[in-house]
Each structure stands twice: as C-alpha cells, then as structure tokens.
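Open the model in your viewer and keep the selection panel at hand. The tour moves from one stop to the next.

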Protein chains: 2
Amino acid sequence: MGNRGSKQQVDGRRQSVRGKATATAVPKDTKKAYEALCERLKELSALGGISGLLGWDEMVMMPPGAANSRGAQKSALAGVMYDKKTDPTLGALLEALKKAPAGSLDAVAAAVVRDAAKDYIKATALPKELAQRIARLETDAYAAWVKAKQASDFSIFAPFLKEWVEVNREKARLIDPAAPPYDVLLDDYEKGLTSARLDEVFAQVREGLVPLIAAIKSRGAKLDDSWTHGEFDLEAQAALCKKIALDLGFDTEHGRLDVSVHPFTGGAHPTDVRMTTRFKKEDVMEGITGAIHETGHALYEQGRNLEYDGLPVNSALSMGVHESQSLLWERMVGLSRPFAVYLLPLLKERFPATFGAATAEQLYAAENTIREPSLIRVESDEVTYPLHIILRYELERGLMDGSVAVDDIPRLWNEKMQSYLGATPPSDAKGCLQDVHWSAGLFGYFPTYTLGAMYATQIYAAAAKDLPGLEDQIRAGDFAPLKSWLNAKIHKLGSLHASGDELMTAATGGPLDPAVFLTYLNTKYSELYKL
Amino acid sequence: MGNRGSKQQVDGRRQSVRGKATATAVPKDTKKAYEALCERLKELSALGGISGLLGWDEMVMMPPGAANSRGAQKSALAGVMYDKKTDPTLGALLEALKKAPAGSLDAVAAAVVRDAAKDYIKATALPKELAQRIARLETDAYAAWVKAKQASDFSIFAPFLKEWVEVNREKARLIDPAAPPYDVLLDDYEKGLTSARLDEVFAQVREGLVPLIAAIKSRGAKLDDSWTHGEFDLEAQAALCKKIALDLGFDTEHGRLDVSVHPFTGGAHPTDVRMTTRFKKEDVMEGITGAIHETGHALYEQGRNLEYDGLPVNSALSMGVHESQSLLWERMVGLSRPFAVYLLPLLKERFPATFGAATAEQLYAAENTIREPSLIRVESDEVTYPLHIILRYELERGLMDGSVAVDDIPRLWNEKMQSYLGATPPSDAKGCLQDVHWSAGLFGYFPTYTLGAMYATQIYAAAAKDLPGLEDQIRAGDFAPLKSWLNAKIHKLGSLHASGDELMTAATGGPLDPAVFLTYLNTKYSELYKL
C-alpha cells in the first residue's frame, strides 16, 4: 500500500535505510568464507520465514478477495529467493568450503556446508524449460485430478501422472545421475534415506501388521466409542484444547494458537510458531487429538537451538522426524492410559453430560477403538494406517523404476488393498484417486507419515527408559520432563545429523527398528482386544 | 521454518518453481521499455505489499517474543527492495522513457514514469555513508528523545535534533540541489507541494483561527459531553463499530477488521486492507470516532483502480489526501447533525442507560464539545488542532532554512503556544518533546494532518453540491452515494495528478482554498457556541 495518513507510520519508518551487505567475492580464508556463507544462508532463512508467514496468513487471516494479490506477492518472493538460492557466488563459496582442509570446520559448520551444498545442487540442477514444465504440470495435473476424482475415473488423471513420472525421473537424473531416481526424490522429504533401506523396513512392518489386523478383525470384539459423541460447545472445546496445549508446553510468548479450516502448524521462526486447531460440534475427541498433534509439531519448532538461528543445521531434520514429534504426543502420550487419567477430569468438568460417569479405562478404550479397516487413509487408525502408506510407497517406487505402469495403478491399488486390509475400494475416487499428493508430483512424501509413527514409538521408549517417573508425571499433567528430554535429544539437534537413522542412533542408541513399533502395536491391541 | 509433517504442506508446494523473468537490457521501443518498467514496478509493489503485511502482523498478531526474528525478516526484505529500487537497469529504463517522443506515453504512463523517476532519484541519491548515518541516527535519536521526554529536558535531545537538521539538509541537497531543502523533504509526504505555497495557506488559516478560538474561549459557554461517559461493554462496542464500518462501505471480502493497541489501517493490497480499532470501557464515542476515521483510510485503499494494479499511479497521492479521506468521514460525516440522527438509535439500542433519553441534537453538541485548548496535539479538537500543526511547521521550516536554531526551540515553542492558543506548556515534555516525529527525522510530515482536514472540507462541499440528497441519505444510514462519489472523484485516481492542488482542481473545481475550511469552522462553531 502507498503512504497514508495514520500516525502509526511514524514508527514504521524507523527501519527503512539498508544497503547492500553481501560480499561478491569468495574469501580465501576458510573462516571468512564460512561467515560469508552464513550471512547468505541467514538472509535466505529470513526470507523463508516471511514466506511461512504469508502461508499462515493466507490460511488463517487473509480476506477471501485477496487471493490474486497474495499470489503475486508469493510469486515475487519466490522469484527473489530463487535468484538468491541459485546465485553463482553462493555456489563458489560452497565449492571452496567443500575443499576446506580437514578439521577446519567443526561438526555444525560441516553440517551447514553439507546441507547448503545439497540445496544449491537441487536449486540449480533444473534448466528453465524443465522448471517451467513442472510449474505448468502442477496446475494442470491438479485440475485433472480434481476432475478425475469427481468423475471417479482414473483415465482422466493418467496422462498427467505419466508426465509426472517422466518429469520426476528427469529431475532426479539432473540432481544425481548416480543414485536411483526414487532415492533422489525421497531425500527432499526424508534426508539420507534410501529405497533399499525403506524396502527392508516396510517389508517388516507389512509382515507384522497384516496378521495383527486379521486377528483383530476375526476377534470381532468391538470397543465402544459411541458414548463419547454428543454436542459440545465450540468455545468450551477451544478453551480446553488451549489448556491442553499450554500444559504440554506450547509457549504463547513465541507462538499463537488460532482456529482454521484445516489444523496445521506454520509460522515464521522458532520464536514465532503459529498452530491452528479445528472443532466439530459432535466430536470433542477429534479436536483434542488434532490439538495434541499440532502441539507436537509446534514444540519441535519452538525447541530449536537459537545459537544456530537461520542456518540449515537449525531446521527440521526431515518430515518423518517432524511427524514423529506430532505423533509422539498424539499417540504415545495422548492415547495412553496415564493421559486418560489426566484428561478425564478436564472433560468431566466441561462436559458432564457425556463424561460425568465415565472411567479413565473407558475413555482409554474409546480412544483406541479400531473400526472396520477404512478405505480412506486419512480416516484410518494407527494399526491400519501404515499399510495405506506401504501400498502407496510400493506403487510410486514401481512407477519410478519402471516396474509399475501408470495404467495398472487402479488394478494394483485394489489388489493390494484386498491383500493388506481385506477390503476392495468400490471406485477410483475411494481408491487410487483419494489423495492429492501425486497430482502435485510428490513422490517420496508418503513414507514419512509411517516413518514418523515408528520414530515416535522408538523415541518414546527411550524417553521412558531415561525418565522412570514418566507415566506418573503424565497422569499428574506434568509434561515438562518429557518436553525437556525431547528438547535436548531431538529438537535442539535440528538438522545436524545426516539422516533419521543417525538421529535415532544418537537419541535412542540404535537406528530405526520397526520391531519396536510392531511390539508396541501388538502389546497394546492384544491387551485391548484380548487376542 | 523448515519442512514439516503437516499435510497442509502438500498444497503449499504448488507454487514453488520460479525463474528469473526480468529483462536486463533496455528495449529501444518505447512500448516495450514501458512494459519492462511496469514489470519491475509491479514486482516492487508486490514486495511492498509483503512489507505491509509484516507491519500489520507485527502490530496485531505477532507473539511478543518474535520481535528479533521479525527485525531480521524486515531487514532482509528491505535489503531486497533496496537492491531492486536502485538497480541501474531500472535507472536506464527511466532515462530512456523520459526521452520518449511526446505523445508516445498516455497520461497514466506519463504519471508512472514521472513518479518512478522521482523515486529512483530518491533511492539512489544517498551515498552509503549517509544512509548508514541516517539509520544509526534513527535509533540513537529515538532513544535520546525517550530519555529527554522522561526527564522533560530538551537539552538531552538537542544534539540529535541538530544532527537531523544537518543530515536532512545534506539529503535534500543530494536529491535536488536547486530546490529549497524543506520542499524536497515535504515532497516525500505531500507530493508537489512547496513551502512557499504552504506559507500562504497556513498564514491564512492561522489568521482565521486565532480570533475564533479566542471568541469561543471568551464566550465561556460550555457544551456538555460528560453525560456520554459511562461503562460500555467492549464486545458491544466492537460489534457496533463493525456495523458502522460496514454501513459506511468497508468491504470484508477485501479487508479485515481487528482490535489493536493503536488503531491504524494497513494491509498488503487494495484487495487486502486491514483496519484496526480500539475501545475504552468508559468512552464509547472515542471508539466510534476512531473506527470511522480508520474506515475513511480503508475506503481510500479499497477504492483504488485495479486496472493500474501495482503501478505507482495507483498508490495514494499523498499523506494529506489519505488523511482527507479519514477526516472527511470522521468530521464532515461523523460529527454532523445528520449522522447523529443515524447514530443515536444504534446507541439507544445497545446502551440505553446512557443514551435512552438523549436527543440527536444533544448527541451532536456533545460530539462537538471544545474543551480548554489542550497543550497536546493528539488530544485537541478540530478547531485548535491546525494551530498545533502550524506551530510545528514554522519551527521545522525555520530549522531547515537556518532562521531557527535548535537551542531556541523550547522558547519559541512556548511563545507560539501562548500567542496561538493562549496557553504555555509547564514543561518540555508537554511542549516541544511531546511528538515522536522529529526523533525519526520526519520534517515535512506534520503539515499533512491539517492539509488533510482542509482537503476534507473542500471535497465534502463539492460532494454535497453534486449529491443534493446527501444529508437525507446520511440520516437514513445510506452512505453508498457518497462513497461512490469519492470512489470516482478521489479513490480511483490514485496518484495520477502531480499534487494535491491538481487533484482538488479536478475533483472540486479549484485548488486548495483555506477559506472553505475557515468558513466551515466559523459557521459550525458560531452556531454551536452562539458567538
């Protein structure tokens, strides 16, 4: 907006004069070169923070008629960031630092150079024509997916998925011709993970879960959660969820809590974390679960180490690790017996008609009800969810290595659903067209959901070993010891380690072990369902 | 923030790939050169919109602990914008377009080139050393002013004001060595105005107002507004002010209305205008007045012509014109008899204890009470306010041309207060240290407040002539005809004209005429105070 008459502008002008500060030459001295690199990375981080704020505002605050202007703003900022991310001087700095004498960079600096160098390669690898083709495809494929889903007709979407496969293969080849294409894409979401490792992990999970699900199904015993439904005042729900988020440790000095159509956690900086929740009149438990999930994401962000503020080493390690923090709080804490003891009095106080006569054990059972295996990923529970993910992983990995043809997707999808979950989708809309991800070309994204669930189990087990009074603390609503443990072992480390396995080794004593996850599910559900 | 696990990010990625789009050479063809210019200006406008959003968020939404990170974000964005505003290719484009054959640019394009060329000169005129000196002085002088005001001791602030005078003289000389230095500064806030013209205007206002104020004072008759005070529920006040803003024409499809510590209007774009209000428990009229004022600013922003979106010609013409739009609604409409007829039933309905027995005439009288001439500018009424401004103008103009010495400011301030308003401040804190503006080096800013008041009177008089039923419409709460008139005559024109006088000539038939303002005040207050 132009200048205007409000008196506020007087203060606003007190930060207006800036000069060019970034150097254009590469210093010979390693320390100076590293400082020059950090200056550029911090500038990019600050611009990225602005981008985060624009995204949050668009979801939570922006008036509906501002969509076009917001698009122009995001485009302008993306253009600025693209220019800075691909600046040849940044590349020259990174080349010089990669050749720095051994020992001249400490572990943090080495991690900064490692991740920044990878980002630079990814930012510069694509020729303009390919970048434009991808941008166009993002729009066109999304539109085709919407149409295909409405018509429940995969053939409308198939040509676009074929182009995504082609484009993604080409992109992967340009970034790293030596690695399997799927691994290159996977690295965007789960740093350092390979499909060979993921094959092993997911095979073990699949083999462990298919019989468990079949056993629960054949047992036939149902847990009752219908009594938790009713009519719950929205403001009372919001106040309760805020109390829970604050009890868990969300810091409103460095964050905000709002309501939005889809709950999410975003923001501009570890000191400015914006989480949102959503409430339904008839289901108080869904709002609470969502709030706990987002609080887990928010605590990870707020727990970052400000000593390395603005450097890549201080960002989230991966999407899987981020999801581990939301799922640790949502499932390992929020769906546990001790948490039911903490939660029940809060529910009784606010919603006595529904919860007045309940016991903590009844609440625990209701929270852990397994319904009929759902056809829809986002509606499924913690036992069946991983198989939805593994199915998608197997298909998208096959698309990338050529062993799966796009036209076979609907048939393969339905066969795998039947074999893993004992249910066949009645239509493409409820089958292979249900998720938006592939329409945006996101291959390698799905696995992070289940990696997060597994990391969460393993991290919680390590915390419980280190904190003998943990369950008593949770019962008493004292979550500070667990939060402090996570701050020290996970949050503060940011992106220092090269992979989730490395982080798990440092934090829990060993790499990701699916057996921990399977044992947790087997023990919990064998007991609940008396298998 | 780094990548994270929330599913929302899937959508967020659908706008990520951008390439460099701006050309680097200057096209020979005028049309192509103009298009290249517009592309750059629109990018700068989009980045400026982001800057506006950051400012709004900081005032209204940002958690308190995020101040440091927000500072880094603003600094990074300011650096980006500085680089783009001072890009030599932009300068070369402007040079080429200034030499374009007569008639090859239409009126809008000519105005775009005119204003963009001026901005470029201002952005590039200052050597780095001077820009850094100004940036440092903004911080140091503000700190000294705070200290001086607390101690009520001008001598603490005097050395910094001296440096501001020196720095501002140097800045003005670098931008335009041929113009009087004060005129160069004034142009930042009131495009196209000169101090010679302002001398004439303000002398006429001063000579007209001093006797009117003396007459009101000697008349001794007081209008009673104490009965409008009471205790008013804050939520009821907020709902009432929202209703009024919507009735006046504020468009929530393209804007938001929030509560903040200081009411202001900001935002990111004419389609994304964010206004705020503030309420006091004991004074409902203050909240209403503030809301009407900000609605006036907001309607000006929302009324801009999107055909010229992102070009300088579509920004506000000046701060004085912006203030004219807030004051037109606040004073010419909001403090009028017809508006009291519209407002009273709304007040009776919500606050019957206070307003149940009142008449519209009593409400009108209470709203227009003149208290003892206040020593403080921001607390004064529409009759005495201009003299506060004229006093500041005379002093800052004297500082710039050397006829006033910094050390004489407290004495001259107090003498002028006595001579214009018949009251002498008991201390520097309540005198020459009361306003923040000079600590930020803002010379030329103060006059825009009173220019706005005068423009408002003259614009309203022209509207009333064109809209014969205007007073009836206001009584009936139908503000659409006035808003449409302002849209067409003022808002849509943006910055097309070269000065406030030019705009006034186009919209009202003649340049700014202080006699219109004086007649309005004399008529209104002679009647109210039976002079």
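Two strands count as paired if DSSP finds at least two bridges between them. Keep that cut-off in mind at the first stop. Note too that this is a predicted model.

**Stop 1: a hairpin in chain B**

Select residues 265-269 of chain B, which are strand 2, and add strand 3 of chain B. The two strands run antiparallel and are joined by 4 bridges. With at least two bridges needed, they therefore count as a pair. Strand 2 and strand 3 of chain B make a hairpin, and 2 residues lie between them. Pick His269(B): its bridge partner in strand 3 of chain B is Asp272(B).

Now add residues 255-259 of chain B, strand 1. Strand 1 and strand 3 of chain B run parallel, with 5 bridges joining them. Leu257(B) sits opposite Met275(B) of strand 3.

**Stop 2: strand 3 of chain B by itself**

Hide the neighbours and keep residues 272-277 of chain B. How many of the residues of strand 3 of chain B are buried? The count is 6 of 6, and the strand is mostly covered. Show the side chains. Asp272(B), Arg274(B) and Thr276(B) point one way. Val273(B), Met275(B) and Thr277(B) point the other way.

**Stop 3: the sheet in chain A**

Move to chain A. Here 3 strands build an open sheet in the order 1-3-2, with mixed pairing. Its edge strands are strand 1 (255-259) and strand 2 (265-269) of chain A, each pairing on one side only. From one strand to the next, the twist averages 20°. Select strand 1 and strand 3 (residues 272-277) of chain A: they run parallel and share 5 bridges. Asp258(A) has Thr276(A) in strand 3 of chain A as its bridge partner. Then add residues 284-302 of chain A, helix 11. Helix 11 packs on the sheet and touches strand 1, strand 2 and strand 3 of chain A. Its direction makes about 175° with that of strand 3 of chain A.

**Stop 4: where the chains meet**

Select residues 30-60 in chain A and in chain B, helix 2 of each. The helices pack at about 75°, and their axes are 11 Å apart. Angles of 65 to 115 degrees count as roughly perpendicular, so this label fits the two helices. Among the residues in contact are Trp56(A) and Asp57(A) from chain A, and Trp56(B) and Asp57(B) from chain B. The contact residues divide into 8 nonpolar, no polar and 2 charged.

**Stop 5: helix 20 of chain B**

Finish at residues 480-489 of chain B. Leu482(B), Trp485(B), Leu486(B) and Asn487(B) are buried in this helix. The buried residues of helix 20 pack against helix 12 (319-333), helix 18 (447-466), helix 19 (470-475) and helix 21 (500-508) of chain B.

Note on methods:
Residues numbered from 1 in each chain as written. Chains lettered and ligands numbered in written order. Predicted model: local features only at pLDDT ≥ 70, side-chain atom pairs only at ≥ 80, totals over all residues. Heavy atoms only, no water. Buried < 20%, exposed > 50% of the residue type's maximum accessible area, 1.4 Å probe, protein only. Contact = heavy atoms within 4.5 Å. Axes fitted to C-alpha atoms, helices over the stretch in contact; angles between N-to-C directions. Parallel < 35°, antiparallel > 145°, perpendicular 65-115°, else oblique. Nonpolar A, V, L, I, M, F, W, Y, C, P; charged D, E, K, R; others polar.
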